[in-house]
Amino acid sequence: MRDTGTDDPRVRVRPNRRGSRPRTKIRPDHEDALTARVYRVDRGRYHLVLDDGDVEIVAIKARELGRGSIAVGDRVRVVGDTSGRRDTLARIVEVLERSSTLRRTAEEGEAAGTERVIVSNADQLLIITALAQPEPRTGMIDRCLVAAYDAKMEPILVLTKSDLADPAELLSLYSDLNLRVIITSIDESTGDTRGVEDVEREVAGHISVLIGHSGVGKSTLINALVPSADRATGVVNAVTGRGRHTSSSAIAFDLPGGGIIIDTPGVRSFGLAHVGPDMLLEAFPDLLELAQECPRGCTHAATEPECGLDLGTGSTVGRVESFRRLLEARHSAEQF
Ligand SMILES: Nc1nc2c(ncn2[C@@H]2O[C@H](COP(=O)(O)OP(=O)(O)OP(=O)(O)O)[C@@H](O)[C@H]2O)c(=O)[nH]1
Ligand SMILES: [Zn+2]
């Protein structure tokens, strides 16, 4: 073996075609790089918080990183001006391995059909649904559940505006899923709140993503958890009928009690086409044994004549029904 004068595995030796000295391709050795987390992405600029000292800096992606995406929640290594002073730019030279990725399928106009990462490294998905204004949509909840199970994130159902409607009917639909459920009501003008401490307890020390339709109270909830976030609430565009958030970038906030909460304004779709029946079944470990009886290639749909899940009895019947509802939700035309 040729001695290249280093045992750095990043030094690659090209074949010595001309018989001259070996040519080495040494990638810049970013030994001085600092680690940081992405909190926000805005027009190609990445807003990061350094691990050491909590300094906020702005960075661009180094060209050597190629086309791979960098998402909110990503852990990165940065070089250059990491002082965090105004008008300084650092450079992201590496994206560290992700522990989870929440994805959506790109919409038409973009590279349609390709997958985009919404948030990296989160471990919980808070599905925010108002009990009224707007009316709850179970299709959206089901699709979010599939996305959470696929991303190996813990789903938590947060039912807001409990001052306006009773949760009982909605809850009965989800009782077989053994979901964690939190019921809240927040009156920003009086400060009269219910359930916010329950949310606080669930998110402490975790990286949690909030997802939900416009107007369900995400910003109101974030303000209750992180007063310094100062999210604008309650403004709905009279022309489009949509909330004011038009960008689809996620944005992260540090929780006072530790942990991170990530809002996803403008995110309206998940790509679920890639979620196969057996992948979803992994979220129902109690049904795996029944599925052993399935013929090969069984899709576990209710129309499968010999699906082993039909052998379930007692409380398992409800579990199978819930599982099959989520299977169906993958193909729903609903965006969420
Ligand atoms: N009655 C009642 N109203 C609430 C509650 N929580 C939020 N609201 C109101 O619902 C409206 C929408 O709340 P936002 O927090 O702006 O909703 P959002 O999910 O952030 O909406 P976008 O920013 O459009 O995505 C506001 O007028 C809030 O004051 C609640 O618990 N009860
Ligand atoms: Zn089956």
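**Entry 1: V119 and the core**

I started at V119 in this predicted model. Leaving out residues up to four places away in sequence, I found V119 touching A71, V72, G73, L102, V209, A250 and I262. I then looked up where V119 stands in the largest nonpolar core, which has 71 residues. V119 is among the members that touch the most others, together with I127, C144, V158, V209 and I262. I noted that V209 and I262 also turn up in the list of residues that V119 touches. Helix α1, residues 138-150, gives the most to this core, with 8 residues. A reminder to myself: nonpolar side chains tend to be buried together in soluble globular proteins.

**Entry 2: around β10**

Next I checked N121, which sits in the loop between β9 (115-120) and β10. Its phi is positive, about 65 degrees, although N121 is not a glycine. Is N121 buried or exposed? I put N121 down as buried because it has 21 C-beta neighbours inside 10 Å, and the cut-off for buried is 20 or more.

On the other side of β10 (124-130), I went through the loop that leads to α1, where P134 is placed. The peptide bond joining Q133 and P134 is cis, with omega at about 0 degrees.

**Entry 3: the annotated site**

I turned to the UniProt record, an unreviewed entry, which lists C294, C298, H300 and C307 under "binding site". I looked at two of these residues in turn.

C294 is in the loop between α6 (288-291) and α7 (315-329). It counts as buried because 20 other C-beta atoms lie within 10 Å, and 20 is enough to qualify. Which residues does C294 contact, leaving aside its neighbours within four places in sequence? I found H300, C307 and G308. Of these, H300 and C307 are on the UniProt list too.

H300 has its place in the loop between α6 and α7. I counted H300 as buried, since it has 22 C-beta neighbours inside 10 Å. Not counting residues up to four places away in sequence, H300 touches P277, L281, A291, C294, C307, L309 and L327. I also checked its backbone: phi of H300 is near 65 degrees, a positive value in a residue other than glycine.

**Entry 4: α5 and α7**

Two of the residues that H300 touches, P277 and L281, took me to helix α5, residues 277-281. M279 is found in this helix. M279 is exposed because 12 other C-beta atoms lie within 10 Å, and 12 or fewer is the cut-off. I also looked up a pair that is far apart in sequence: M279 and D150 are 129 residues apart along the chain, yet their C-alpha atoms are separated by 7.0 Å.

L327, also touched by H300, is one of the buried residues of α7. The others are V320, S322, F323, L326 and A329. I asked what the buried residues of α7 pack against. They pack against α1 and α5. Helix α7 has 15 residues and reaches 22 Å from its first C-alpha to its last, close to the expected 21 Å.

**Entry 5: the whole chain**

I finished with the totals. The protein chain has 7 helices and 17 strands. Of its 336 residues, 32% count as buried. Among contacts with a separation of 6 or more, residues 24 or more positions apart account for 59%.

Conventions:
Residues are numbered from 1 along each chain as its sequence is written. Chains are lettered from A and ligands numbered from 1 in the order in which they are written. This is a predicted model: local features need pLDDT of at least 70, side-chain atom pairs count only at pLDDT 80 or more; totals for chains, interfaces and linings use all residues. UniProt positions are given in the numbering used here, feature names are shortened, and annotations may be inferred rather than shown by experiment. Helices (H or I, at least four residues) and strands (E, at least two) are DSSP runs, numbered from the N terminus. Two residues are in contact if their C-beta atoms, placed from the backbone, lie within 7 Å. A nonpolar core is a set of buried Ala, Val, Leu, Ile, Met, Phe, Trp, Tyr and Cys residues joined through C-beta atoms within 7 Å. The expected span of a helix is 1.5 Å times one less than its number of residues.
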